[in-house]
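Hello,

I am handing over the structure below, with notes on what was found in it. Please read them beside the coordinates.

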Amino acid sequence: MNSRLINWFKFSSPATYYPLAGRLVPLFSVIALVLIGVGLYMSFFIAPTDYKQGEGYRIIFVHVPAAWMSMFIYVVMAVWSGLGLVFNTRLSAMMAKALAPTGAMFAFLALWTGAFWGKPMWGAWWVWDARLTSELILLFLYIGFIALQGAIDDPRRADRAGAILALVGVVNIPIIYFSVKWWNTLHQGASVSITKGSSMGQVMLWTMLIMTLGFWAYSIAVSLARVRSIILERERDTTWVSELPEVRG
Amino acid sequence: MKARHKRLGFLLVGLAGLGLAAWLVLNALENNLSYFFSPSEVAEHKAPEGHVFRLGGLVESGSLQRGQEMTVRFVVTDNAHKINVEYTGILPDLFSEGQGVIAQGRLNENGIFVADEVLAKHDENYMPPEVADALEKSHQAGTPGTTNL
């Protein structure tokens, strides 16, 4: 193998990944704090009022990034699950397990903020249209994944069952994303897309993107911190864990 | 062929099969997944006329009439067909002429849609009022963005 390339397989071992994650957690925590702080300030004080919705539209700065993250984290979780099934690496399943609670939180946040927006704008907290229903199914998939993994005592079997659930559920992601295109829904179409660009004011768009990057950094920090405790828990009988200064001390 | 290649193969075939199954199911369910019917679909008798259904479209400009008590009448259009709607109750904040709307109710014998719930549909445009004014001036034809419901 070319010596200039990073040997990625080195980091598939929990013993090398654990200290790497430990170094990355504070870095991403700081990035998340700064970006979400700036993003929230812009959301409340800098972004202009909407021409039709007035001030109530500002919930979009949490709602849309949360909805994006809920879908993206699920895809990442499914990729880790697939890697775990194919390569039989212990760490992959631990990463999938570490991501699930954060994804569930974002799915819940998207539904919750959406309800708060829907009542004044649409006139209803909740409707059973394709977008809302498929996002609710995503929340149930996250909860189901967490429950299934928790219900099986043997970690290897728990990982495999969870991985299959995560992979089966991945068909829901394009359904959520394209639901507003494929069917008549009460939920509006995408304001920002790769193919069509954006139909938002410039400052509004930037505020939303900064919030999105902040949510990314938060997700990375939280899931790495969580995977560290999962590693410690599962590898507690190994020598490398018993030699860690924080374990010995 | 190593064991992990075999597992990767299983995985890919499984995902492809799953995707195909999902596609078939969604195709079969096509109309049932739509939240509302457009006036054109009602005109083509695709909507369940004897039952409660949802009608979606734009509130035609100049068609809103406020009647006795809290009854309002307006016309829902998709720029091809029109349907008269009658509703008694409080309208949502975003309800206005030229704006998207979804009404739930049934057609009466005179062809008037009697709604018992009216929801406003917002479009994907978000902009400051100054930009909206500028757009309005540049093409007086209509409110920006309301055509792509």
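α3(A) bends by about 30° at A:Ala100, and within four residues a proline follows, A:Pro101; the bend is the angle between axes fitted to the seven residues ending at a position and the seven starting there, and helices are DSSP runs of H or I with at least four residues, numbered from the N terminus. This is a predicted model, in which local features need pLDDT of at least 70 and side-chain atom pairs count only at pLDDT 80 or more, while totals for chains, interfaces and linings use all residues. Residues are numbered from 1 along each chain as its sequence is written, and chains are lettered from A and ligands numbered from 1 in the order in which they are written.

From its first C-alpha to its last, α3(A) reaches 47 Å over 32 residues, close to the 46 Å expected at 1.5 Å a residue (1.5 Å times one less than the number of residues). A:Gly123, with a positive phi near 100°, follows α3(A).

Between the chains, 35 residues of chain A are in contact with 32 residues of chain B (C-beta atoms, placed from the backbone, within 7 Å). On the chain A side, α2 (60–87), α3 (90–121) and α5 (155–169) each give two or more residues, and α2(A) gives the most, with 5 residues.

In chain B, the domain assignment, which is automatic or from a database, gives domain 1 (3–32) and domain 2 (35–138), whose C-alpha centres lie 39 Å apart. B:Val76 touches, among others, B:Pro39, B:Leu55 and B:Ala103, not counting residues up to four places away in sequence.

Best regards

Methods:
Two residues are in contact if their C-beta atoms, placed from the backbone, lie within 7 Å.
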